[in-house]
Amino acid sequence: MKKHNFNAGPSILPQEVIEKAAQAVLDFNGSGLSILSISHRTKDFDEVMDTADKLFRELLDIPENYKILFLGGGASTQFFEVAANFLGKKAGYVNTGVWSKKAIKEAKRYGEVEVLATSEDKNFTYIPKGFAIPADLDYLHITTNNTIYGTEYHEDIDSPVPLIADMSSDILSRPVDVKKYAMIYGGAQKNLAPAGVTFAIVRDDMLEKIVRDLPTMVNYRTHAENNSMFNTPPVFPIYVLAETLKWAKKIGGVEELYRRNVEKADLLYAEIDRNPLFKGTTAKEDRSLMNICFVMNDGYEELAPEFMEFAKSKGMVGIKGHRLVGGFRASCYNALPKESVEALVTCMQEFEKAHTK
Ligand SMILES: *Cc1c(COP(=O)(O)O)cnc(C)c1O
C-alpha cells in the first residue's frame with residue numbers, strides 16, 4: 001500500500017532526491033566510490049558545497065553580505081551557540097513553545113534574557129503580536145514555525161535590534177525577506193535533508209560582533225572563514241541538501257513551493273473546519289502551513305484511537321500529535337505531495353460517514 005509520510009522530522013524528502021542519493025551511495029558522480037567513502041577535501045565535494053551555497057542563496061534571495069554555514073549538532077546546539085556568540089548583556093526572546101523555551105534556557109547561561117512576549121497562557125495556540133522591542137538588546141530571537149503546536153509567523157517582523165530566527169521547520173516553505181534577519185538557522189531534517197546537518201545564515205557584521213572568547217568550534221567565525229570545512233562536515237546530509245535545493249529550483253523555486261504549501265494547507269484546514277468530528281487547535285490567523293494540528297471535536301473525543309487505526313489502515317504515517325497537544329498532527333513539508341493531503345481528507349470524510357449519529 002502507498003504510504004503517506006506526515007512525519008514531523010526527520011521527514012519526507014522528494015522521491016527523486018532519495019533515488020539520486022541511493023545512486024550516490026553506490027557510485028558518486030561515476031567515481032567508482034560511494035558518497036559515504038570520499039574525502040570531503042576533493043573537487044567533487046567542493047562542487048557539492050558550491051552548489052548548496054549557490055542554490056540556497058538563489059532560492060531564498062540571500063544577499064552577498066551573509067555567510068551560509070553547514071554545521072553539525074542540530075538546531076539544539078544553535079540554542080547555546082547563538083547566545084555564546086552574541087549575548088553580551090541582554091537578549092530578547094519570544095516564547096512560542098517548546099523549542100523557544102529550550103533556546104531561552106540555554107541563552108540564560110550567557111546573560112540576561114528578557115522574554116518580550118509569550119503565548120504560554122493559552123498553551124501556545126497563537127503567535128503574540130505587537131509587543132515592544134527595547135533598543136538596548138543584543139538581539140531578538142524568534143521561532144518562526146512552532147513544529148509541535150502548529151503555529152507560524154506569516155510575516156517577517158520588523159526589529160530595531162538584530163533579529164535571529166530558528167526556521168528549522170519552515171525554511172524554504174515560503175519567501176522570506178532575509179535582509180530583515182541578522183541570522184537564520186535550523187536543523188535541515190524537516191524540509192531539506194536527512195538528519196545530521198544544520199544550516200546557519202549569518203550576516204557578516206554579526207561575525208565582527210562576537211562577544212567573548214570561545215572554543216574554536218563554537219565560534220561562528222571559524223566556520224565562516226573555512227567555508228564550513230574547518231573540520232569534517234556532514235558530507236552525506238549536505239549532498240542530499242544540495243540535491244533537494246536542485247529539486248526546489250527545478251519545480252519553480254520558493255514561490256512555487258509556497259503556492260503548493262498554501263494549497264495543501266487550505267485543503268486540510270477546510271476539512272478540519274467542515275468535518276463535525278474534528279476541530280483545529282490554534283488561532284486561525286496563526287495556523288502553520290507546515291504542521292497542521294487537530295483533535296476530535298467535543299463529544300467525539302473517545303473516537304481518537306479508532307481514527308488513528310483507521311488512518312493507519314489507509315497508509316497514513318506519522319499523524320499522531322505531540323504528547324503536549326494530543327490528537328493529530330499532519331506535517332505537510334515541501335516534499336509532501338498534494339495527493340497525500342487529499343488521501344488524508346478522504347480518510348477523515350469516510351470516518352465521518354461511519355460515525356455521525
Ligand atoms: C526540530 C526542531 C528543533 C530541534 O532540531 P534538532 O536539529 O533536533 O536539534 C528546533 N527548533 C525547531 C523549530 C524544530 O522544529
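**Notebook: the contact between domain 1 and domain 2**

I began with the polar contacts and counted 17 residue pairs in polar contact between domain 1 and domain 2, with both residues of each pair at pLDDT 80 or more, a filter I kept in mind since this is a predicted model.

I then asked which elements supply the domain 1 side, and found that those giving two or more residues to the side touching domain 2 are α2 (43–60), β7 (151–152) and α7 (235–251). Of these, α7 gives the most, with five residues. Sorting the residues on this side of domain 1 by character, I noted 13 nonpolar, ten polar and seven charged.

For the charged pairs I looked up salt bridges between the two domains and found that the count is two. I also checked K129 and E285, whose side chains meet in a salt bridge at 3.9 Å, N to O.

Next I went back to the bounds, where the domain assignment of the protein chain gives 15–251 for domain 1 and 252–355 for domain 2. Taken over C-alpha atoms, the centres of the two domains are separated by 27 Å, and 30 residues of domain 1 are in contact with 28 residues of domain 2.

Last, I looked at area: domain 1 and domain 2 bury about 2,300 Å² between them, and 56% of this lies on carbon and sulfur atoms. On the domain 1 side, I recorded that I148, S173 and I251 lose the most area to domain 2, together making up 23% of what that side buries.

Key. Residues are numbered from 1 along each chain as its sequence is written. This is a predicted model: local features need pLDDT of at least 70, side-chain atom pairs count only at pLDDT 80 or more; totals for chains, interfaces and linings use all residues. Side-chain values use heavy atoms; hydrogens and water are left out. Domain bounds come from an automatic or database domain assignment. Contact means heavy atoms within 4.5 Å. Buried area is the accessible area (1.4 Å probe) that two parts lose on being put together, summed over both. A salt bridge is a side-chain nitrogen of Lys or Arg within 4 Å of a carboxyl oxygen of Asp or Glu. A polar contact is a pair of N or O atoms within 3.5 Å; within protein, one must be able to donate a hydrogen and the other to accept it, and residues adjacent in sequence count only if both atoms are side-chain atoms. Helices (H or I, at least four residues) and strands (E, at least two) are DSSP runs, numbered from the N terminus. Ala, Val, Leu, Ile, Met, Phe, Trp, Tyr, Cys and Pro count as nonpolar, Asp, Glu, Lys and Arg as charged, and the others, Gly among them, as polar.
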